[in-house]
Amino acid sequence: MAIIKPDAVLRRKHIEIKEKIVKEGFIIEAKDNMLLPELLVREFYSRNADQPDFEDFVSFVTSGLSCVLITSQGEEEEVIQEETLPQSDAEDEESLEYPEETHVKFAPMVSKKKRDSLQGYLERQHISEFCDVEDDASKVSQMIDILFPDFKTMKSKNIQRTLALLRPDVYEENKDNVLNIIQKEGFTILLQRQMSLSEEEARTVCKNYENEEYFNKLIAFMCSNPSYVLVLLRENSVEYWKQLMGPKTVEEAYALDPESLCVQFATGNFPINQFYGSSSKVAAEKEIEEFFPPQATLALIKPHVTQEQRLEILKIIKDAGFELTLLKEIHLTPEHANKVYFKITGKDFYKNVLEVLSLGMSVLMVLTKWNAVAEWRRMMGPVDPEEAKLLSPDSLRARYGVDILRNAVHGASNLSEAETTINNVFTEGNEEDIEEH
C-alpha cells in the first residue's frame, strides 16, 4: 500500500506518480482519494511515532485528501543474454589462424530479473518525499479491510466492469426486455445512456464486421440512429456478457448458440449480433472512459454544516460514484468567495452570502464522474431547503439545509462555470492553496 500525501494531491503531483509507477511495470490494483482516519494514519506511520513533530504530521495527513494505492509488482522483467561456448587456449590460437571461422553460440537465454521494490523505485525517481509505502503483508491486509472493504471479495470473485451496447434496432424494439434479462443474469447496471455514435465510436463497436461488404452502410446506420450504452458489473463480467450475447452473426448464432441474445433478438437489416461487448478487461476500462467520459464539477460544503454532517455528506458523495479529486478546507474571505460566486457578485443579496460564508470554514471540492455537473445538482436539490423537503426529500439541501442562504451545499450550474471556478480556486502549484489547506 502506498499513500501519496495531501500536499502532493493538492498540487496534482499524484497523477505523475501514478503514471510513473505504472510505466515501471507495477500494477495498481485499487486506488482512491480519501480523507484518512486518524487511527489508521497513526498505525501506518507508527515507525515515526517517536519523532518530535509526529502530532503535527498526523494533523497534516488527516487534514486533506490522500491518494491511496494498492499495488502489486506485476511480471518480472525479462533479460535476454547471449552466451558463447567457453574456449580453450588451443581454440584461442586456432581462432587467430582461422579468423573467418566463427565459434558456435548458444541460443539467447532469457532470465527473469527481480523488479525493484516500490520504495526503492520511488527513491530512485526522487519522489519518495511525496509518497510513503507499507509492504508488511499483515499490516497491508488490515488496512485494506478498513479503506477498501470490498477489494478482497471483488478480487477473489473476479468482479469486474464491462461495456455493453444495444444497437439501434434492438434498443428501439426491445430495450426493456433486454434490461430485464441483464438484471436477471446478475449484472448491476452502473451507468446507462442513450447516445448517437460518432463515426469513431461506431467503428469501435462494429470492428468485427470491417471486412464485410455492408460495413460502410452499417457505420452510417449506427451514426444516424440512437444506441443504448451500459456499464455492467458482475463476476467475470467481460466473458459472461460475451457468452450471453453469442456469436457475431445471426447465422453463426443459430448454428452454435440458439439460446443466445443474438438469436433471441435477431432483427434489423444487417445479419449481425444486435449487441456489443468489450473484448477484455483492459479494453472494457478504455471503452468505458470513451463512452462515459469523466467530467469535473466544483462543490462546496458551507460553514454551518457540522463536522459529523460533513463526513456524512462525503460518504453520500462517494456512494454516488463520485471521485473526490481535490479537496481543501478554507475560510472564504470576500476575495476567495468572489472566485466561487463570480456570477452573482453584483447582486444585492451577495452581501448576505458573504456573511454566511464568513462564519467558519468551508469545504471546497472537485468531484469527478460522468455527467458530474448535472448529477451533483440533482443530489443537492432545490436551492430553498423547504422546497427541497417537498420536491426532493432525499436531497442534501433537504437533509442538511437550514434556510435559503444556509442551504448546506453549493455547486456549479453548468460545465463552463465548473471549469472556470475550478481554475479559480484550485490553481496548479499555487503555494497559497497549500498554506490554506
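# Salt bridges, strands and rings

Let's start with a little charged web: Glu43, Arg47, Glu134 and Lys139 are joined to one another in a network of salt bridges. Keep in mind that what you have on screen is a predicted model. That network is part of a broader theme, since a search of the whole structure turns up 24 salt bridges.

A few of the individual pairs deserve a visit. Take Lys5 and Asp132, which form a salt bridge with their closest N and O atoms 3.3 Å apart. Lys5 lies in the loop between strand 1 and helix 1 (6-10), and Asp132 lies in strand 6 (residues 131-133), so this pair ties together parts that are 127 residues apart in sequence. Are the two partners buried or exposed? Lys5 has a relative accessibility of 11%, so it counts as buried. Asp132 comes out at 14%, so it counts as buried too.

Now swing over to Arg42 and Glu55, whose side chains meet in a salt bridge at 2.7 Å, N to O. Arg42 belongs to helix 3 (residues 38-44) and Glu55 to helix 4 (residues 54-62), so to speak a link between distant parts of the chain, 13 residues apart. Arg42 counts as partly exposed because its relative accessibility is 25%, and Glu55 counts as partly exposed because its value is 45%.

A third pair brings together the side chains of Glu287 and Lys207, in a salt bridge of 3.4 Å, N to O. Glu287 sits in helix 15 and Lys207 in the loop between helix 10 (199-205) and helix 11 (215-224), so the contact ties together parts that are 80 residues apart in sequence. Here the two ends fare as follows: Glu287 is buried, with a relative accessible area of 4%, while Lys207 counts as partly exposed at 35%.

On to the strands. Which strands pair with strand 3? Strand 1 (residues 2-4) does, in the antiparallel sense and over three bridges. Within that pairing, Ile4 stands opposite Cys67 of strand 3. Strand 2 (residues 27-35) pairs with strand 3 as well, again in the antiparallel sense, over eight bridges. There, Ile28 has Thr71 of strand 3 as its bridge partner. Strand 3 itself covers residues 65-72, and six of its eight residues are buried, so the strand is largely enclosed by the rest of the structure.

Helix 12 (residues 237-245) is a good next stop. Its buried residues are Ser237, Val238, Trp241, Leu244 and Met245. Looking down the axis of helix 12, you'd find these buried residues within an arc of 135°, so they line one face of the helix. The spacing has a simple background: an α-helix has 3.6 residues a turn, so residues three or four places apart point the same way. What do the buried residues of helix 12 pack against? The list holds strand 7 (159-166), helix 9 (168-184), strand 9 (227-235), helix 14 (261-264), strand 10 (275-277) and helix 15 (281-291). Right after helix 12 comes Gly246, with a positive phi near 95°.

Trp241 also takes us to the rings, as Phe187, Tyr240, Trp241, Phe265 and Phe275 form one aromatic cluster. The structure as a whole holds 13 aromatic pairs. One of them is Phe221 with Phe270, a tilted pair at 5.7 Å centre to centre with 50° between the planes. This pair links distant parts of the chain, with Phe221 in helix 11 and Phe270 in the loop between helix 14 and strand 10, 49 residues apart. Phe270 is buried, its relative accessible area being 15%. Phe265 and Phe275, by contrast, make an edge-to-face pair, 6.0 Å centre to centre and 75° between the planes. Phe265 lies in the loop between helix 14 and strand 10 and Phe275 in strand 10, so the pair ties together parts that are ten residues apart in sequence. Both Phe265 and Phe275 are buried.

Finally, two arginines meet aromatic rings. The charged end of Arg234 sits over the ring of Tyr240, 3.7 Å from its centre, and Tyr240 is one of the residues in the aromatic cluster. The charged end of Arg193 sits over the ring of Phe292, 5.9 Å from the centre.

Technical notes:
Residues numbered from 1 in each chain as written. Predicted model: local features only at pLDDT ≥ 70, side-chain atom pairs only at ≥ 80, totals over all residues. Heavy atoms only, no water. Buried < 20%, exposed > 50% of the residue type's maximum accessible area, 1.4 Å probe, protein only. Helix = DSSP H or I, 4+ residues; strand = E, 2+ residues; numbered from the N terminus. Pairing = 2+ DSSP bridges. Arc of directions from axis to C-beta. Contact = heavy atoms within 4.5 Å. Salt bridge = Lys/Arg side-chain N within 4 Å of Asp/Glu carboxyl O. Phe/Tyr/Trp six-rings, centres within 6.5 Å; stacked < 30°, edge-to-face > 60°. Lys NZ or Arg CZ within 6 Å of the ring centre and 35° of its normal.
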